[in-house]
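Reader: I'm new to this one. Could you show me how to read a few of its features?

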Amino acid sequence: MRLATWNVNSLKVRLPQVLDWLKLHQPDILCLQETKLEDANFSAGELAAAGYHALHSGQKTYNGVAILSRAKAGDAILAVPGFEDSQKRVLAASIGKLRVVCLYVPNGQSVGSDKYRYKLEWLAAVTAWLKRELTSFPQLAVVGDYNIAPEERDVHDPKAWEGQVLFSAPERKAFQDLLALGFKDSFRLFEQPANSFTWWDYRMNAFRRKMGLRIDHILVSASLAPACRVCSIDVEPRRVERPSDHAPVWADLDI
DNA sequence: ATGGTAGAAACTCTA
């Protein structure tokens, strides 16, 4: 089973690229972030024609998450139970024996801002919820745009980024707290090329200059990790005309 | 110290 995640930064703009990518890579599941669409405007018809069922939790202009799957998904959850949040950033569903959680973690804007505090509170709530989810669903994959680079090797210039949003110590601690539930960062289960990143700022020619961060992740629970065969970043969609600022990440699971 | 780009939408906010 191939599982993938991609922050598309507007599904309206990126739908043709998503359809191309589905055709080329044939994932069983593709989780999307930043669809920036209300549910009524979601591209369900085009995706169905491509052979994918879809769940979507969206809003106008900002945020929005979706789970596309070849097999129909069930038992969907559209928010963290008990956590008050007007922003559509969470979607969970079961596909076969696999439980998938699609996350769009808040960006945090800048360290010390209100949005940064919201990011850390949101991460604490999600971590507490996932601890409970694991008891019901041991075969759990938590994927999406985490807006956190976990380690120095995930940042093109760790010295320049030290203490900045996306790489500050409290954010990295929040990521470690999630791993402490037993999750593995599937990308790091395997040898990977140096300078592997998933996001490059649109500004300053960051992509051409290889100034990226690895902030999109596929986390697999302890009981799922042994089934993971490969995890890779596909940078090709970042090279095309009008790209998303994020590249897709995919993993193959022997389940 | 600032601004660079992109998307959505509305002349600004978010990333």
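Author: Sure, we'll look at a sheet, a helix and an arginine. Keep in mind that this is a predicted model.

Reader: Let's start with the sheet. What is the order of the strands in the open sheet of 6 strands?

Author: The order is E3-E4-E2-E1-E14-E13, and the pairing is mixed. At the edges sit E3 (53-57) and E13 (228-233), each pairing on one side only. From one strand to the next, the twist averages 15 degrees. Helix H1 (residues 11-25) packs on this sheet, touching E1, E2, E4 and E14.

Reader: How many bridges join E3 to E4?

Author: There are 5, and the two strands run antiparallel. One pair to look for is His53 with its bridge partner Ser69 in E4.

Reader: Now a helix. Where do the buried residues of H5 lie, seen down its axis?

Author: Here's the general idea: an α-helix has 3.6 residues a turn, so residues three or four places apart point the same way. In H5 (residues 169-179), the buried residues are Glu171, Arg172, Ala174, Phe175, Leu178 and Leu179. They fall within an arc of 155 degrees, so they line one face of the helix. Their cover includes helix H3, strand E9 and strand E12.

Reader: And the arginine, Arg214: buried or exposed?

Author: Buried means under 20% relative accessible area. Arg214 counts as buried, because its relative accessibility is 1%. You'll find Arg214 in the loop between E11 and E12.

Reader: Which side chains make polar contacts with the side chain of Arg214?

Author: Asp154 does, at 2.7 Å, and so does Asp185, at 2.7 Å. Arg214 also touches other residues, including Phe187, Phe197 and Ile233.

Terms used
Residues numbered from 1 in each chain as written. Chains lettered and ligands numbered in written order. Predicted model: local features only at pLDDT ≥ 70, side-chain atom pairs only at ≥ 80, totals over all residues. Heavy atoms only, no water. Buried < 20%, exposed > 50% of the residue type's maximum accessible area, 1.4 Å probe, protein only. Helix = DSSP H or I, 4+ residues; strand = E, 2+ residues; numbered from the N terminus. Arc of directions from axis to C-beta. Contact = heavy atoms within 4.5 Å. Pairing = 2+ DSSP bridges. Axes fitted to C-alpha atoms, helices over the stretch in contact; angles between N-to-C directions. Polar contact = N/O pair within 3.5 Å; in protein donor to acceptor, adjacent residues only side chain to side chain.
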